[in-house]
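Morning, everyone. I'll keep this brief. Let me put the structure up.

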Amino acid sequence: MPVKTFIEAIREGLAEEMRRDPTTIVLGEDVGLKGGVFLATDGLHGEFGDDRVIDTPLTESMIVGASIGAAVNGLRPIAEIQFADFIFPAFNQILSEAARMRYRSNNALGVPMTIRAPYGGGVHGALYHSQSVEAFFTHIPGLKVVIPSTPYDAKGLLRSSIRNDDPVLFFEHKKMYRSVRGEVPDGEYTVPLGRAQVTRVGSRVTVVAYGLMAHYALEAADRAAEDGISVEVVDVRTLRPLDRETLLSSVRKTGKCLVVYEDNKFGGYGAEIAAIVAEEAFEFLDGPVTRVAGPDVPGVPYNHVLEDWFMVNPDKILAAIRTLAAY
Amino acid sequence: MAATPRTREEQPPVDGGDPSVNVGKPGAEHGKSAARLGADLGLDDDALVGMYRMVALARAIDERMWILNRSGRIPFVISGQGHEGAQVGITWALRRAHDWIAPFYRSIATCLTFGMTARDMMTAQYATANDPSSGGRQMPGHYGHPSHNIVSVSSPVATQILHAVGIALAARIRGTDQVAMTFMGEGSSNQGDVHEGLNFAAIHHLPFVLVVENNGYAISVPATKELALPDVAARASGYGIPGVVVDGADVLACYRASKIAVERARRGEGPTLIEAKVTRLTGHSSDDQQTKYRAAEELTAERARDALPHFREQLRAVGILDDATVARIDAENRVIVDDATTYAEAQPDPDPATALDHVYAEGVEGTF
Ligand SMILES: Cc1ncc(C[n+]2csc(CCOP(=O)(O)OP(=O)(O)O)c2C)c(N)n1
């Protein structure tokens with residue numbers, strides 16, 4: 001199987017879906033001739049032209065709001081928000097409009113739209129090019145939220161997101177774009193939304209993670225194995241809808257749950273995972289549900305020492321695994 | 001611009017009521033005067049009477065809503081009184097069930113003109129299970145009707161502009177020859193989405209029309225504290241598109257402005273901003289007491305800008321309407337409104353068991 005980078009998988013997923021379905025369009029800032037600031041849409045303009053690959057002004061609310069209208073009138077827009085940090089001007093359109101359109105119209109109008117946005121830190125992006133924004137969106141019924149961690153999943157989940165009849169937020173960790181490689185088959189395949197994956201089988205501690213953290217969790221798990229601690233890693237992949245079954249059956253088996261996320265700890269997505277495990281697997285637990293997450297500061301600081309202090313890394317995860325395993 | 005007469009098939013329906021209710025048809029008694037009035041717009045006698053009938057029906061439904069509210073039968077009303085002439089005139093220029101509208105909470109006459117019925121309106125007020133706008137999920141005033149290409153209204157103001165712009169974008173890309181029109185107040189026109197939407201629509205020459213119904217107030221705040229200009233329409237030049245100010249009490253002027261904008265949009269020449277100066281004859285909503293911030297003299301003067309009597313006198317003066325026809329239309333509208341009220345009152349509430357439905361296309365998934 002050919003090995004591809006994370007961003008190559010996304011680019012191919014976009015191109016193949018656009019070839020397959022003429023109602024798909026891509027719109028966003030610099031997505032045209034430049035092919036996106038990370039080159040996720042590179043080559044699409046040349047192949048599909050002005051009508052289907054639209055360079056927009058710097059207007060995030062419009063990018064999302066007009067995508068809603070285009071979806072209502074028969075297209076499948078794939079909107080790119082250049083950085084997740086700049087999605088907030090569109091927050092109202094996503095929350096008040098896209099998420100509620102089906103519910104408020106009693107199922108008469110849907111919004112089959114995918115919003116792609118690079119997120120995450122560790123790339124010297126400082127406060128405004130490093131944020132993890134998933135918790136804002138997983139809070140909202142009506143939205144689906146996807147965060148892949150491998151090139152295979154990225155392509156398969158992107159295809160499923162585009163074909164899905166609901167609004168999907170598809171977040172891509174920008175540190176992974178070129179640093180993560182993996183096998184991606186040539187043929188058509190999809191990865192269904194709403195399915196987590198056990199990426200490492202183990203027996204003593206479950207580590208739940210997604211995105212870049214899913215890689216760091218695997219790294220920490222390998223090192224824990226050297227200490228004789230058997231760690232199971234669950235890569236959530238779709239944050240909403242959440243695959244509770246895979247999550248809970250792993251925790252029921254290991255009796256220990258560590259949740260890892262890069263976002264600020266307080267009120268982050270991992271808090272919801274912890275609450276679900278506490279509510280639904282309490283009698284299986286043999287230690288406190290624990291979180292390793294970003295510190296509660298308003299953003300990732302720029303200076304590399306400060307940035308390292310902020311970022312969750314395999315060392316921090318390993319330390320938490322050891323503590324939990326010893327419980 | 002030479003006006004092309006519209007065929008009957010293209011016209012919006014003149015009854016606006018339920019098919020089951022016989023509202024009668026305007027007859028030959030209206031004379032030939034329409035050869036002058038409305039002729040340059042392609043509007044014949046039937047169309048003019050139909051437009052009048054629609055303005056009057058919207059008013060009759062609206063007045064009934066207030067009676068129901070004040071008698072404790074429906075908890076909330078937000079009115080279109082004072083806006084109806086502009087709404088009917090402007091919406092009349094669109095092709096029903098082909099073009100799209102993204103209305104706002106005062107768009108009662110707009111939605112009626114575009115195909116919703118009195119029953120549709122009243123079931124929305126009662127929030128019944130079969131209310132086509134939202135199945136009783138939204139507050140009254142949040143109209144929508146997909147089979148008539150009416151986008152569902154939400155509460156944050158001005159968000160709908162972007163939906164209409166996106167609809168226009170899709171229409172252009174798909175080559176459907178559709179026009180998308182959206183409506184809002186002058187207060188709402190200050191939202192950032194309006195700038196983003198107009199800018200994009202203008203860049204891409206989209207088949208899009210923004211209608212600002214300027215009634216001089218955003219709840220209690222007068223237009224002088226909302227805009228540093230007398231006209232919202234002046235902003236159009238900043239986007240390189242036409243901005244038109246039209247007297248909202250002049251139904252035919254509104255129709256003319258709209259027809260020009262819609263034809264321009266369909267020719268691929270891009271968007272237009274139409275500002276209709278209307279009046280708000282009621283409080284902002286049933287929860288508002290406008291005498292607290294509007295002087296009695298002002299409210300009296302505002303009555304003089306009401307399109308309903310203005311249009312009636314205009315049609316009467318040229319012999320298209322006479323007392324008997326006006327009385328007949330009023331009686332017919334009363335029947336429609338009575339029917340809609342009785343109908344809506346008898347419809348069941350939504351079943352709470354359905355409240356989890358339609359969060360997602362396939363329903364609530366798995367253990368979600
Ligand atoms: C974003 C937002 N802010 C505030 C409100 C509350 N609100 C509802 S209507 C309204 C006034 C709107 O005035 P205008 O646009 O002039 O329309 P009008 O009601 O006068 O027809 C306000 C402030 C809202 N619905 N949405």
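**Two chains, two close-ups**

Chain B has ten helices and seven strands. Keep in mind that this is a predicted model. Chain B runs to 368 residues, and 59% of them count as buried. Now its contacts. Take those between residues at least 6 apart in sequence: 75% join residues at least 24 apart.

Next, one helix of chain B. H10 covers residues 323-346, so to speak 24 residues. From first C-alpha to last, H10(B) reaches 35 Å. At 1.5 Å a residue, 34 Å is expected, so the two values are close.

Which residues of H10(B) are buried? Start with Thr325(B), Val326(B), Ile329(B), Glu332(B) and Asn333(B). Then come Ile336(B), Val337(B), Asp339(B), Ala340(B), Thr341(B) and Ala344(B). And what covers them? The cover includes three helices of chain B: H1 (45-70), H4 (118-126) and H9 (307-317).

Over to chain A, and a helix pair. H9(A) is residues 212-226, and H13(A) is residues 314-325. Their axes come within 8 Å. How do H9(A) and H13(A) lie to each other? The axes cross at roughly 50°, which is above 35 degrees and below 65, so the helices are oblique. The crossing is right-handed.

Who makes the contact? From H9(A): Tyr216(A), Ala217(A), Glu219(A), Ala220(A), Ala221(A), Arg223(A) and Ala224(A). From H13(A): Pro314(A), Asp315(A), Ile317(A), Leu318(A) and Ile321(A). By class, that contact has nine nonpolar residues, three charged and no polar.

Notes:
Residues numbered from 1 in each chain as written. Chains lettered and ligands numbered in written order. Predicted model: local features only at pLDDT ≥ 70, side-chain atom pairs only at ≥ 80, totals over all residues. Heavy atoms only, no water. Helix = DSSP H or I, 4+ residues; strand = E, 2+ residues; numbered from the N terminus. Buried < 20%, exposed > 50% of the residue type's maximum accessible area, 1.4 Å probe, protein only. Contact = heavy atoms within 4.5 Å. Axes fitted to C-alpha atoms, helices over the stretch in contact; angles between N-to-C directions. Parallel < 35°, antiparallel > 145°, perpendicular 65-115°, else oblique. Left-handed = near helix turned anticlockwise from the far one by under 90°. Nonpolar A, V, L, I, M, F, W, Y, C, P; charged D, E, K, R; others polar.
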